[in-house]
Amino acid sequence: VAHASLWDIRLLVAIKRNMKEKYVKHIKLNVEATGIAGVLGNKGGVGITFQFCDLNLCFINCHLAPHQEGISARNKSVKEIIRGLNFGNPNADICCQFDHLFW
């Protein structure tokens with residue numbers, strides 16, 4: 001379907017070509033950097049959304065802060081990713097915009 005990347009954070013969503021031609025539409029890609037100063041891509045998330053038949057699907061991959069002491073940084077980054085990966089409706093976060101969300 002598509003691929004997205006932010007530095008070394010990668011996401012690939014694949015489907016058979018004949019199924020893509022028949023059933024996939026409205027493909028969107030987005031990235032959200034949450035690294036140093038909120039701009040570097042060493043941490044953050046990438047997302048791909050599309051409509052498959054009548055289902056709106058969203059796939060996200062992310063790289064977050066490590067170790068036990070990084071819990072608050074991870075939670076903050078997840079909130080930034082949810083807010084920053086805008087795929088259409090700015091009044092709703094990504095968790096509420098799709099039939100299925102794969103994280």
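Here are a few exercises on this predicted model, each with a worked solution.

Residues are numbered from 1 along each chain as its sequence is written. Because this is a prediction, local features need pLDDT of at least 70 and side-chain atom pairs count only at pLDDT 80 or more, while totals for chains, interfaces and linings use all residues, and side-chain values use heavy atoms, with hydrogens and water left out.

**Exercise 1: the sheet**

Work out in which order the four strands of the open sheet stand, and which of them are at the edges.

Step 1. Start with the terms: strands are DSSP runs of at least two residues (E), helices are runs of at least four (H or I), and both are numbered from the N terminus. Two strands pair if DSSP finds at least two bridges between them.

Step 2. The order is E3-E4-E5-E6, with mixed pairing.

Step 3. E3 and strand E6 (100–102) each have a single partner strand, so one side of each is left without a neighbour in the sheet. These two strands are the edges.

Step 4. Now look at E4 and strand E5 (residues 55–63): they run antiparallel and are joined by nine bridges. Within E5, Leu55 is the bridge partner of Phe52.

**Exercise 2: two residues with positive phi**

Find where His26 and Cys53 lie, and decide whether each is buried, exposed or partly exposed.

Step 1. As background, most residues other than glycine have a negative phi.

Step 2. His26 has a phi near 60 degrees and is found in strand E3. Its relative accessible area is 54%, so His26 is exposed (buried is under 20%, exposed over 50%, partly exposed in between, with a 1.4 Å probe and protein chains only).

Step 3. Cys53 has a phi near 55 degrees and sits in the loop between E4 and E5. With a relative accessible area of 34%, Cys53 is partly exposed.

**Exercise 3: aromatic rings**

Classify the pair formed by Phe50 and Phe59: stacked, edge-to-face or tilted?

Step 1. Rings of Phe, Tyr and Trp (its six-membered ring) pair if their centres lie within 6.5 Å; planes under 30 degrees apart are stacked, over 60 edge-to-face, and the rest tilted.

Step 2. The structure holds four aromatic pairs. In the one formed by Phe50 and Phe59, the centres are 5.8 Å apart and the planes differ by 10 degrees, which makes the pair stacked.

Step 3. To complete the picture, both Phe50 and Phe59 are buried, and together with Phe102 they form one aromatic cluster.

**Exercise 4: salt bridges**

Find how many salt bridges there are, and say which residues form them.

Step 1. The rule asks for a side-chain nitrogen of Lys or Arg within 4 Å of a carboxyl oxygen of Asp or Glu. By this rule there are two.

Step 2. Asp8 pairs with Arg10, their closest N and O atoms being 3.8 Å apart. Asp8 and Arg10 are both exposed.

Step 3. Lys76 pairs with Glu80, with 3.5 Å between the closest N and O atoms. Both residues lie in helix H2 (residues 71–84), four residues apart, about one turn of the helix.

Step 4. Compare their surroundings: Lys76 counts as exposed at 54% relative accessibility, whereas Glu80 counts as buried at 19%.
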